[in-house]
Amino acid sequence: MNNNFRSVSVVGTGIVKFGKHRDLTVPELARPAVMNALREAQVSQKDIQAIYSGAAISGWMAGQRVARETGMSGVPIINCENACSSSATAFREAWIAVACGMIDYALVLGVEQLTRLGGGTLPLDQEDIEVSNGMVMPGLYAMRAQRYMNDFGATSEDLASVAVKARRHGSLNPDAQICTETTVEEVLGSRRIADPLTLLQCCPTGDGAAALVLCPTDRAPKHNPKPIKVLGSHLASGKYIPGFRDMTIPEITVRCSRELYEEAGVGPEDLDVVECHDAFTIAELLYYEALGLCERGDAPKLLHDGTTSLGGRVPVNPSGGLLSKGHPVGASGAAQMVEIVRQLQGRCGHRQVADAKIGLTHVTGGGTYGFDHGACAIHLFGR
Amino acid sequence: MTSPTPKANHKIQSAALQPHEGRTLKANEVVVDTQGHLLLNASKCKDCDLSVFPPSAVCPNCLSENQQALRLSSSGKLYSYTQIHIAPPTWVVPYIIGYVDLPEGVRLFGKVDAKSTEVLKVDMPVKVVVTESEGQYRYSFAPQG
């Protein structure tokens with residue numbers, strides 16, 4: 001990190017309930033989140049100097065379309081597409097712009113309307129040599145699961161328990177797409193998607209939006225009684241490895257988190273709450289290990305002993321995560337940040353993590369051959 | 001040819017009505033050995049030794065154009081696999097996919113020719129089978145033993 005950077009804080013957050021919002025336009029979907037973030041920050045839409053928007057499949061210029069209907073047209077707008085890391089990438093760009101002093105007030109937006117695709121697996125690029133041979137995203141994660149179960153003795157019940165925890169947390173989140181609890185039996189008995197993954201081990205198709213307002217930390221108290229500092233921001237891209245690769249090690253997440261921890265002077269032992277990219281059950285287990293929350297092969301133990309559940313030492317995905325809260329691809333990064341900021345502000349009601357001081361968000365994704373994933377963005381927040 | 005009708009085919013334009021059979025190999029990706037067997041052809045960088053499939057005229061690592069053909073073995077190990085039950089409309093489900101590691105240091109992705117995953121195990125030996133049909137070449141993996 002540049003030593004001349006100013007400290008930056010989040011002073012406003014907004015999110016809409018994730019779900020199937022086919023009847024809305026993208027700007028209509030995003031507007032409540034934007035308005036709430038502005039209101040919380042006590043800034044006028046006319047004070048926003050730039051918009052950083054993340055969306056993956058919701059059409060060109062999502063940022064401009066939303067700005068048109070929220071009184072912010074005309075300012076510089078940066079539209080970011082980085083698969084599942086789109087709005088976290090947008091947040092990072094906003095953070096850099098404020099930190100370096102180029103602007104003082106930035107709006108970050110994440111928005112996605114997956115229902116316009118009609119459901120099913122995400123449409124991947126047919127030019128890709130794996131996609132054109134039958135690869136789908138659940139298949140990629142399923143092969144990681146197959147190998148992880150083989151190498152470490154993990155079971156289908158271990159995988160299903162991730163979904164059970166996610167749904168337990170999600171049942172406490174009124175903004176979650178799926179707000180009901182489930183059981184290991186129900187998860188394992190649901191429709192097969194890509195063995196060993198069943199339907200309830202895959203994030204649902206849905207629509208959603210989230211927004212945040214950033215400003216320099218020295219101005220933050222004027223805007224919010226509980227501003228939350230950005231302690232660190234890191235973005236990594238996949239390394240092209242055409243040969244053998246251990247699919248149980250999400251290399252991009254390992255690298256991105258290590259570099260961020262070093263930059264920020266914060267370690268996994270310092271984290272009070274985490275939102276990670278649990279697009280499929282196996283992902284959360286692999287990310288416990290990749291983020292340094294436990295040793296290789298110990299993820300099922302960490303899950304079962306309650307460490308990562310609400311009430312545990314470091315609750316993971318108190319929002320319900322992608323599995324329960326939902327995964328409108330481009331919106332997920334910003335949505336995770338809204339959750340972590342509100343956790344650190346003590347505003348999360350029945351799913352509140354007691355006295356949370358430091359939180360981490362982690363998104364990664366993008367299915368394209370030769371990479372673990374295309375992009376990974378990790379952020380640290382503190383009060 | 002009796003092919004299962006893909007689900008939801010009313011959405012598919014007539015040009016794409018055929019069920020998806022998998023990626024067709026380009027001419028420089030297939031070679032015939034002296035016994036007439038079809039094999040896959042990769043490339044190896046003479047400068048940094050990186051092997052890649054599909055073959056590339058330029059090394060994706062060091063950008064050298066000094067590339068040699070690399071004939072890939074037809075025997076490998078199944079690194080991982082899964083049976084797919086949901087896929088885009090032109091694919092007929094279920095089907096099995098997997099990654100196969102070859103002695104040349106190349107990992108291939110493709111369909112596994114098996115009725116069920118019950119006969120499959122991680123690290124089991126497989127054959128890379130290249131087939132020709134109506135002038136189009138494809139490969140898949142046949143489990144051994």
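Domain bounds here come from an automatic or database domain assignment. This is a predicted model, where local features need pLDDT of at least 70, side-chain atom pairs count only at pLDDT 80 or more, and totals for chains, interfaces and linings use all residues. Residues are numbered from 1 along each chain as its sequence is written, and chains are lettered from A and ligands numbered from 1 in the order in which they are written.

Start with chain A. Colour domain 1 (8-118 + 207-217) and domain 2 (131-201 + 228-382). Their centres, taken over C-alpha atoms, lie 23 Å apart. The contact draws 37 residues from domain 1 and 34 residues from domain 2 (C-beta atoms, placed from the backbone, within 7 Å).

Which element gives the most to the domain 1 side of this contact? Select α3(A): it gives 7 residues.

Stay on helix α3, residues 86-99 of chain A (helices are DSSP runs of H or I, at least four residues, numbered from the N terminus). Its end C-alpha atoms are 20 Å apart, which agrees with the 20 Å expected for 14 residues (1.5 Å times one less than the number of residues).

Now check burial. In α3(A), 12 of 14 residues are buried (20 or more other C-beta atoms within 10 Å of their own, C-beta atoms being placed from the backbone). Among them are A:Phe91, A:Arg92 and A:Trp95. Step just past the helix: A:Gly101 has a positive phi of about 90 degrees.

Finish on chain B. Its mean pLDDT (the predictor's confidence in each residue, from 0 to 100) is 90. Select residues 1-16 of chain B: pLDDT stays under 50 there.

Technical notes. Helices (H or I, at least four residues) and strands (E, at least two) are DSSP runs, numbered from the N terminus. Two residues are in contact if their C-beta atoms, placed from the backbone, lie within 7 Å.
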